[in-house]
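Biologist: I am new to reading structures and would like a close look at one part, the hairpin. Please take me through it slowly, and then show me how the same way of looking works elsewhere in the chain.

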Amino acid sequence: MEEKTLSASSIWRSWRDVTNEEFWAFLAVVINMGTMPLANLQEYWSKNDVSYIPFYPETFTRDRFSQIFWMLHLETLPTHTTNPRTRLQRVSCFLDYLNSKFLDYFIPGEHICVDESTIKFKGRISFITYNPKKPTKWGIRVYTLADSKTDYIYCILPYYGSLTTELLVRPDLPVSSRIPIHLYQMLLEKIPGAQRHHMYTDRYYTSYLLAQELAKLKCSLTGTILRNRKKLPAEIKKPKFSTKSTVAYRRGNTLVLGWKDKRVVTCLITKGDTGMTMVKRITRGGVDIMIKKPNIVLNYIKYMGGVDRADQYASSYCFLRKSLKWWRKLFFWGMEISLVNSYLLYKLEKTKRGEKPLSHLRFLKTLVEQLRGPYRQQREQASTSHSDEIRLNGKLHVILKGPKRDCKVCSDRSTPAGRRETSYYCDTCPDKPRMHLGYCFTKYHTKTNYRV
């Protein structure tokens, strides 16, 4: 900022270093904003009777919060180059740190699932993804491995285009198979000797090759699969159903099953059979009917939604705002996922003790209170008497011209049509007040109660 030319009214003139206590309070304010979304950031400091919320002005002034919010940056590794890999370090270091913490505090159960989360973003970056079939069509993709029972996000892999692909294991395999294997190896590195996990994937990842590679790691696989995948039997591509609603083929420990419901669903599994279970279905007219469903499909529905449920938690009380800086989107997404994981761990601990956990909203509110603690920004009230001494000293006061603001003397917004603006201000007075030349200028510098 020393190299910049700041205007007289710039909020950056009052910048000071942020303390640890102040930054925890800043995070508390950000989390609380997610629980009560408003039209813009300025509305949280509105003094209007309809919009006034004491929590925010009591914790920060609007200018101080804006200073911290817009000066927020993430630690990067020192380097002298400007290649794309270096530019990604502005957020990759932070996400790698979060990933290491996710691995530290939880051990997943038998059932795990792999899916992607999409962070909404429409800016100009080389690794933006587009999927017209998703609710969030444009965005930044993060591949995720989650525990199917608790929905805990265990490890993440942000997608940065070809730079991410180069770092994946097993370059001899398709990318769709390398991603689940890479995430699972993160789990194995943290828990050496882990085995007998059962992974669930959707049709983008599932393949016969993936099933064989996971079998070598002593991990089972269940997932829906595209019928044109390599090494699948030709009969499964156009299955013929007679009296039964299923068609199945087995090769070794791998089973491919086609089930005809409203449409044909094809699944691949390495641990299971073709058993069926009677389940209830409610038709459009509200009539209950009993149908047979494969156990493979029932287990897939039960254990596949871990990542989606975690995303649902994160989007319930989400702070994410529009931004032209892609790394800020990833920062706040990482913070939201940290909040979700902390809540899930809290629920597990309360359940073990036989106690009733707080709701998600009440947990966040309690966390806000703890993060803010006793911090309250001190207002600069002692400067009032000093500014009055300068204002009434009877010496020369310099008048300059700048952006229009309300006149300190004659403007009154509380009355209809009472607002009066001027571009002239006193550069000698500390708060740079706006005032009209002539009567307003004279009254402001000679009267104690210039508004009377």
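Modeller: Let's begin with a word we need: two strands are said to pair if DSSP finds at least two bridges between them. Please keep in mind that this is a predicted model.

With that word in hand, look at strand β10, residues 276–282, and strand β11, residues 288–294. They pair in the antiparallel sense, over seven bridges. Together β10 and β11 form a hairpin, with five residues between them. You can follow the pairing residue by residue: Met278 stands opposite Lys292 in β11, and Val279 stands opposite Ile291 in β11. As you step along, remember that in a regular strand the side chains alternate between the two faces of the sheet. Now go to the turn, where Gly286 has a positive phi of about 85°.

That phi is a good clue to carry to other places. Most residues other than glycine have a negative phi. Just after helix α10 there is another glycine, Gly354, with a positive phi of about 75°. Two other residues deserve a second look. Arg170 is not a glycine, yet its phi is positive, about 55°. You will find Arg170 in the loop between α5 (162–167) and α6. Arg170 counts as partly exposed because its relative accessible area is 30%, and partly exposed is the range between 20% and 50%. Pro174 is in the loop between α5 and α6 as well. With a relative accessibility of 38%, Pro174 is also partly exposed. In space, the C-alpha atoms of Pro174 and Leu209 are 9.0 Å apart, although 35 residues separate them in sequence.

Leu209 brings us to helix α7, which covers residues 208–216. The buried residues here are Tyr208, Leu210, Ala211, Glu213 and Leu214. They pack against α6 (175–190) and against five strands, namely β5 (197–201), β6 (219–224), β7 (246–251), β8 (254–260) and β9 (264–269). After α7 comes Lys218, our second non-glycine with a positive phi, about 60°. Lys218 sits in the loop between α7 and β6. Its relative accessible area is 53%, so Lys218 is exposed, as the cut-off for that word is over 50%.

Next, let's look for empty space inside the model. Rolling a probe the size of a water molecule over the atoms shows where such space is left. A search of the whole structure finds one cavity of 30 Å³ or more. The volume of the largest cavity is about 40 Å³. Its lining is made by Tyr313, Ala314, Tyr317, Glu336, Leu339, Val340, His360 and Leu364. The elements that give two or more residues to this lining are α9 (306–316), α10 (326–352) and α11 (360–372). Of these, α10 gives the largest share, three residues. Sorted by class, the lining has six nonpolar residues, one polar and one charged.

Helix α10 also lets you try a small check. It has 27 residues, and at 1.5 Å a residue it should span 39 Å. The rule multiplies 1.5 Å by one less than the number of residues. The end C-alpha atoms of α10 are 40 Å apart, which agrees with the expected span.

Two more residues show how contacts bring together parts of the chain. Thr118 lies in strand β1, residues 111–120, and is partly exposed at a relative accessible area of 25%. Leaving out residues up to four places away in sequence, Thr118 touches Thr136, Trp138, Gly139 and Ile140. The C-alpha atoms of Thr118 and Asp311 are separated by 9.2 Å, even though the two residues are 193 residues apart along the chain.

The other residue is His445, in helix α13, residues 439–446. His445 counts as buried because its relative accessibility is 9%, and the cut-off for buried is under 20%. With the same residues left out of the count, His445 touches Arg391, Leu392, His397, Cys426, Cys429 and Met435.

To finish, go back to the hairpin and find β10, β11 and the turn with Gly286 once more.

Definitions and conventions. Residues are numbered from 1 along each chain as its sequence is written. This is a predicted model: local features need pLDDT of at least 70, side-chain atom pairs count only at pLDDT 80 or more; totals for chains, interfaces and linings use all residues. Side-chain values use heavy atoms; hydrogens and water are left out. Helices (H or I, at least four residues) and strands (E, at least two) are DSSP runs, numbered from the N terminus. Buried means under 20% relative accessible area, exposed over 50%, partly exposed in between (1.4 Å probe, protein chains only). Contact means heavy atoms within 4.5 Å. On a 1 Å grid over the protein atoms alone, a cavity is a set of points where a 1.4 Å probe fits but cannot get out, and a pocket is an open set with protein on both sides within 12 Å along at least five of seven lines; lining residues have an atom within 4 Å of a point. Grid points are joined across faces, edges and corners, and a volume is the space filled by probe spheres set on the points. Ala, Val, Leu, Ile, Met, Phe, Trp, Tyr, Cys and Pro count as nonpolar, Asp, Glu, Lys and Arg as charged, and the others, Gly among them, as polar.
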